[in-house]
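Here is a friendly tour of one chain, starting from a single side chain and working outwards. Have the viewer open as you read.

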Amino acid sequence: MLLLLGSLLSAFFGPVMGRLLDSQGFKKLFLIGSFLAMTGILLYIIFAQKLSIALIVIFHVMFMTGFGMMYNNSMTIGLQQLEVMHIADGNALFNMLQQYSGSIGTAAMSVIIAIAGSPYQGQSKQVVIGSQAAFIVLFIFTLLIFACILRFIKRDKQGLVKN
């Protein structure tokens, strides 16, 4: 239930962000989206040992809003880069990668939580410290995504991106 609001907002924002993509272009959406995702995860790291239900909901909404600004629009732009005959294959590939990354990500985060928390006494302390370590790993991934966005914007300025 804690994650429901963020997930619903992400689903709601899909069509809204698509319209913004058409009217504003991808640059602002991707930059703001990555900033929101990074901020949400960074706040999880900072407040990991003091999280309340309200903070979890707020940080998740922040993260999912950023995610919603980026994922569907990146899929749209990615598919636009393909020849028409390959769009169905590209769509299938995006969906498959989303499914596998969710599965692999869940397993990887579980391992990180278990390993990072294992030196500590008490199950709750283990989960908190392990979760904080997992959020640090996620933050590093959001930094990599941000770097990819900056590179993509540079390629767009050079005219290498199909619109």
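His60 is in contact with Leu3, Gly6, Ser7 and Tyr44, once its neighbours within four places in sequence are left aside. His60 itself belongs to helix H3. Please keep in mind that this is a predicted model. Is His60 buried or exposed? His60 counts as buried because its relative accessibility is 10%, and the cut-off for that class is under 20%.

Asn73 is another residue of helix H3. The relative accessible area of Asn73 is 2%, so this residue is buried as well. Which residues does Asn73 touch, leaving aside its neighbours within four places in sequence? They are Met17, Gly18, Leu21, Leu29 and Phe30. With Met17 there is also a polar contact: the side chain of Asn73 reaches the backbone oxygen of Met17 at 3.4 Å.

Leu29 gives the view from the other side of that pairing. Not counting residues up to four places away in sequence, Leu29 touches Asn73 together with Met17, Leu20, Leu21, Met69 and Met70.

That brings us to the nonpolar interior. The largest nonpolar core has 13 residues, and Phe26, Leu29 and Phe30 are those with the most contacts inside it. Two or more residues of this core come from each of helix H1 (4–24), helix H2 (26–46), helix H3 (53–80) and helix H5 (123–157). Helix H2 gives the most, with five residues. A further core lies apart from this one; it has seven residues, including Met38, Tyr44, Phe59 and Phe135. As background, nonpolar side chains in soluble globular proteins tend to be buried together.

Tyr44 of that second core is one of the residues in contact with His60, and Phe59 of the second core is in contact with Leu43. Leu43 is found in helix H2 and, leaving aside its neighbours within four places in sequence, also contacts Met62.

Two pairs of C-alpha atoms give a feel for how the chain is laid out in space. One pair starts from Leu43, the other from Val127, a residue of helix H5.

| Residue pair | Separation along the chain | C-alpha separation |
|---|---|---|
| Leu43 and Gln132 | 89 residues | 10 Å |
| Val127 and Arg151 | 24 residues | 36 Å |

What about the surroundings of Val127? With a relative accessible area of 42%, Val127 is partly exposed, because that class lies between 20% and 50%.

Now for the whole chain. It has five helices and zero strands, so from the N terminus on the elements run α-α-α-α-α. The C-alpha trace spans about 55 × 30 × 25 Å along its principal axes. Of the contacts between residues at least 6 apart in sequence, 68% join residues at least 24 apart.

How much of the chain is buried? Buried residues make up 29% of the 163 residues. On the outside, the chain exposes about 10,200 Å², and carbon and sulfur atoms supply 71% of that area. As for charge, the chain carries 10 positive and 4 negative charges, and the mean positions of the two sets are 17 Å apart.

Key:
Residues numbered from 1 in each chain as written. Predicted model: local features only at pLDDT ≥ 70, side-chain atom pairs only at ≥ 80, totals over all residues. Heavy atoms only, no water. Core = buried A, V, L, I, M, F, W, Y, C linked by side-chain atoms within 4.5 Å. Buried < 20%, exposed > 50% of the residue type's maximum accessible area, 1.4 Å probe, protein only. Helix = DSSP H or I, 4+ residues; strand = E, 2+ residues; numbered from the N terminus. Contact = heavy atoms within 4.5 Å. Areas by Shrake-Rupley, 256 points an atom, 1.4 Å probe, with all protein chains shown as cover. Lys, Arg positive; Asp, Glu negative; His and termini not counted. Charge placed at Lys NZ, Arg CZ, Asp CG, Glu CD. Polar contact = N/O pair within 3.5 Å; in protein donor to acceptor, adjacent residues only side chain to side chain.
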